Amino acid sequence: MLVATGSAFASTILLIPIVRAALFPLRSQDSDASWSDLGSVDNYNDLVSPSIQLMNITRPDGWQLSKASQSVYVVAGPGNRPRVLSSVCPHLGCTVQWRPEQDRFICPCHGGTYTPDGARISGPPARGMDELAIRVRDGHLYVRFQSFRQLIAAREPAE
Ligand code: FES
């Protein structure tokens, strides 16, 4: 009886790191590491045109964390609250560029165009630019990058 109890206890203890490792990608999805600091939120008051920012993203890649850079656009939102748009074109994933002389976003790959707040104007994209989740902490604007499914009108997370 004592041996059986000890074996069960040891088995349970040994399972903990295995379960933690198996759940690692799920647990890290919404950790602080998934939010990138875009600097003081005051930098984005009274935006008159989109502001491109480079964010560092850390995300699970299997059982490891991989780091990458990603450009996003901070645009003026309602009530002077900034919004952040992904620069990834929802058509086939090219990087959308802000063209101030035309007062619109243009995708260089197939000519998709968007208004300064990311709404679709024309071209093959089935929807407007994708808005990313933001939060403000200690006066800083944080954004969480996310990929969305391409070629469809609905904004659905890809991962
Ligand atoms: Fe942007 Fe095709 S990838 S319009």
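This short talk goes through the fold, the disulfide and the aromatic contacts of the chain shown above.

Let me say at the outset that this is a predicted model, and that the values I quote are computed from it.

I will start with the chain as a whole. Its secondary structure comes to 1 helix and 10 strands, and if you follow the elements from the N terminus, the helix is what you meet at the start, with the strands running on after it. Of the 159 residues, 32% count as buried, while the chain exposes about 9500 Å², of which carbon and sulfur atoms supply 56%. As for how the chain contacts itself, if we take contacts between residues at least 6 apart in sequence, 47% of them join residues at least 24 apart.

Now to the cysteines. How many disulfides does the count come to? The count comes to 1 disulfide, and the pair in question is C94 and C109, whose sulfur atoms lie 1.9 Å apart. This pair links distant parts of the chain, since C94 sits in the loop between strand 4 (82–86) and strand 5 (97–99), whereas C109 sits in the loop between strand 6 (104–106) and strand 7 (113–114), with the two positions 15 residues apart in sequence numbering. The torsion about the S-S bond of C94 and C109 is about -95 degrees, and the disulfide is therefore left-handed. C109 is partly exposed, at a relative accessible area of 38%. Two further cysteines can be placed by their accessibility: C89 is buried, with a relative accessible area of 2%, and C107 is buried as well, with a value of 3%.

Let me turn to the aromatic residues, where the structure holds 2 aromatic pairs. For Y73 and F105, the ring centres are 4.7 Å apart and the planes stand at 65 degrees, and because an angle over 60 degrees counts as edge-to-face, that is how this pair is classed. Here too the partners come from distant parts of the chain, with Y73 in strand 3 (residues 64–76) and F105 in strand 6, 32 residues apart. Is Y73 buried or exposed? Y73 is buried, with a relative accessible area of 3%, and F105 is likewise buried, with a value of 0%. Together with W98, Y73 and F105 form one aromatic cluster.

Finally, there is a contact between a charge and a ring: the charged end of R135 sits over the ring of Y142, at 5.9 Å from the ring centre.

Note on methods:
Residues numbered from 1 in each chain as written. Predicted model: local features only at pLDDT ≥ 70, side-chain atom pairs only at ≥ 80, totals over all residues. Heavy atoms only, no water. Helix = DSSP H or I, 4+ residues; strand = E, 2+ residues; numbered from the N terminus. Buried < 20%, exposed > 50% of the residue type's maximum accessible area, 1.4 Å probe, protein only. Contact = heavy atoms within 4.5 Å. Areas by Shrake-Rupley, 256 points an atom, 1.4 Å probe, with all protein chains shown as cover. Disulfide = S-S within 2.5 Å. Phe/Tyr/Trp six-rings, centres within 6.5 Å; stacked < 30°, edge-to-face > 60°. Lys NZ or Arg CZ within 6 Å of the ring centre and 35° of its normal.
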